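Welcome! Here is a short guided tour for anyone meeting this protein for the first time. Keep the view open as you read.

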Amino acid sequence: MAILKFVILLLLVTANMHVIAKDELTFSTPPTQTKKNTEKLYRPIVEYIQKASGKKVKLIIADNFIEYSQDLLDDKYDIVFDGPQFIGWRIKKRNHEVIAKLPRKLNFLVFVRKDAGIKKIRKLAGKRVCGIGSPNLMTLGLLDMYPNPASIPTVIPVTSFNAALACVQEGKAVAAVVRNKFWHTRNAQQKKGLKILYEAKRNWPDRGFSISKSVDVATREKIRKALLNPAVKEKANLLFEKYKAKHFVPAKRAEYAPLDKLLRPIWGFHKRE
């Protein structure tokens, strides 16, 4: 029994030494921008985190979402800034900790052509719906409403909410899924011939930072405090301009963890590990 306890203690000490010895951290974010723009937006934040943590931080930019998704599945990144669906998945499957987020709330809305005669969201099953290609949060929110894979809308992929609106206006689909704020800021002319079919009642948290449990506790705390410090504004000003924010705010595990389910339609993330 004494030998067994010694072996367990040795393994724990060895594992802890491995975490402490991690001097270089990796940072990434979804490839929604060109590499040049990603560098411009995130390099100052990476350098800020590096200075605050005392660790070297390497910015890794995936070429596309296939590469990015595979790297997430392989738990390649130590610090990640991305959407709530990915954060929820990493919390559940990779034991990441969410440490800070943008303050906005997110929600989705589905609008439909008035002449389509569709009055219930379930009637979109099998119909053509314009939406930003998965794993876009709004599109995933719509798909989550159809638990039977054989009875889901056919998503016509577009690159923006404006493109989704044009997609329906041009008759390529009967409906579109967009962020609710986008719809509510369109004018009457832009909404002509269209109506709201469904607006989600529950808000999601915005993009945030999560950090791997392989990073030691002291370093995680340094990074969390740095991101919540007003001094971050100087380095994150371009990011704040992009997402119409003024600061990062504290984030809680409980608000993100349930959102892992949104990634179930995405190959690789669908596995129940």
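Which residues touch the most other members of the largest nonpolar core? They are Val110, Phe111, Leu124 and Cys130, in a core of 50 residues. Please bear in mind throughout that this is a predicted model. The tour goes from the whole protein to its sheet, two of its helices and a few spots in the backbone.

**The protein as a whole**

- The secondary structure comes to 10 helices and 12 strands.
- Of the 273 residues in the protein, 47% are buried.
- The C-alpha trace spans about 75 × 50 × 30 Å along its principal axes.
- Among contacts with a separation of 6 or more, 77% join residues that lie 24 or more positions apart.

**The nonpolar cores**

- Val110, named above as a member of the largest core, is a good place to start exploring. Leaving aside its neighbours within four places in sequence, Val110 is in contact with residues including Ile121, Leu124, Leu142, Ala175, Ala176 and Val177. The list of its contacts also includes Lys195, Ile196, Leu197 and Tyr198.
- A second, separate core has 29 residues, among them Tyr48, Phe209, Leu227 and Phe240.
- As background, nonpolar side chains tend to be buried together in soluble globular proteins.

**The five-stranded sheet**

- An open sheet of 5 strands runs in the order β8-β7-β9-β6-β10, with mixed pairing.
- Its edge strands are β8 (154-158) and β10 (194-199), each of which pairs on one side only. From one strand to the next, the twist averages 30°.
- Strand β9 (residues 175-179) is mostly covered, with 5 of its 5 residues buried.
- On one pairing, β9 meets β6 (residues 108-113) in the antiparallel sense over 5 bridges. Here Phe108 stands opposite Arg179, and Val112 stands opposite Ala175.
- β9 also pairs with β7 (residues 128-132), in the parallel sense and over 2 bridges. Cys130 stands opposite Ala176 in this part of the sheet.
- In general, strands of a sheet pair through backbone hydrogen bonds, either parallel or antiparallel.

**Helix α6, packed on the sheet**

- α6 packs on the sheet and touches β6, β7, β8, β9 and β10. The direction of α6 makes about 165° with that of β9.
- Which residues of α6 (residues 161-169) are buried? They are Phe161, Ala164, Leu165, Cys167 and Val168. Seen down the helix axis, these buried residues fall within an arc of 155°, so they line one face of α6.
- Just after α6 comes Gly171, with a positive phi of about 80°.

**Helix α2, with a kink**

- Where does the kink in α2 (residues 35-53) lie? The kink, of about 40°, is at Tyr42, shortly before the proline Pro44.
- The buried residues of α2 are Thr38, Leu41, Tyr42, Ile45, Val46, Tyr48, Ile49 and Ser53. Tyr42 is thus listed both at the kink and among the buried residues, while Tyr48 is also a member of the second core.
- What do the buried residues of α2 pack against? Their partners are the strands β1 (24-28), β2 (56-59), β3 (79-82) and β12 (208-211), together with the helices α8 (217-228) and α9 (233-243).
- Just after α2, Gly54 takes a positive phi of about 75°.

**Backbone spots worth a look**

- The peptide bond from Ser134 to Pro135 is cis, with omega near 15°. Look for Pro135 in the loop between β7 and α5 (137-143).
- Asp75 is a residue other than glycine with a positive phi, near 55°. Asp75 sits in the loop between α3 (65-73) and β3, and is partly exposed with a relative accessible area of 31%.
- Asn95, also a residue other than glycine, has a positive phi near 60°. The loop between α4 (84-94) and β4 (97-101) holds Asn95, which counts as partly exposed at 41% relative accessibility.

Conventions
Residues numbered from 1 in each chain as written. Predicted model: local features only at pLDDT ≥ 70, side-chain atom pairs only at ≥ 80, totals over all residues. Heavy atoms only, no water. Buried < 20%, exposed > 50% of the residue type's maximum accessible area, 1.4 Å probe, protein only. Helix = DSSP H or I, 4+ residues; strand = E, 2+ residues; numbered from the N terminus. Pairing = 2+ DSSP bridges. Arc of directions from axis to C-beta. Core = buried A, V, L, I, M, F, W, Y, C linked by side-chain atoms within 4.5 Å. Contact = heavy atoms within 4.5 Å. Axes fitted to C-alpha atoms, helices over the stretch in contact; angles between N-to-C directions. Bend = angle between axes of the 7 residues up to and from the residue.
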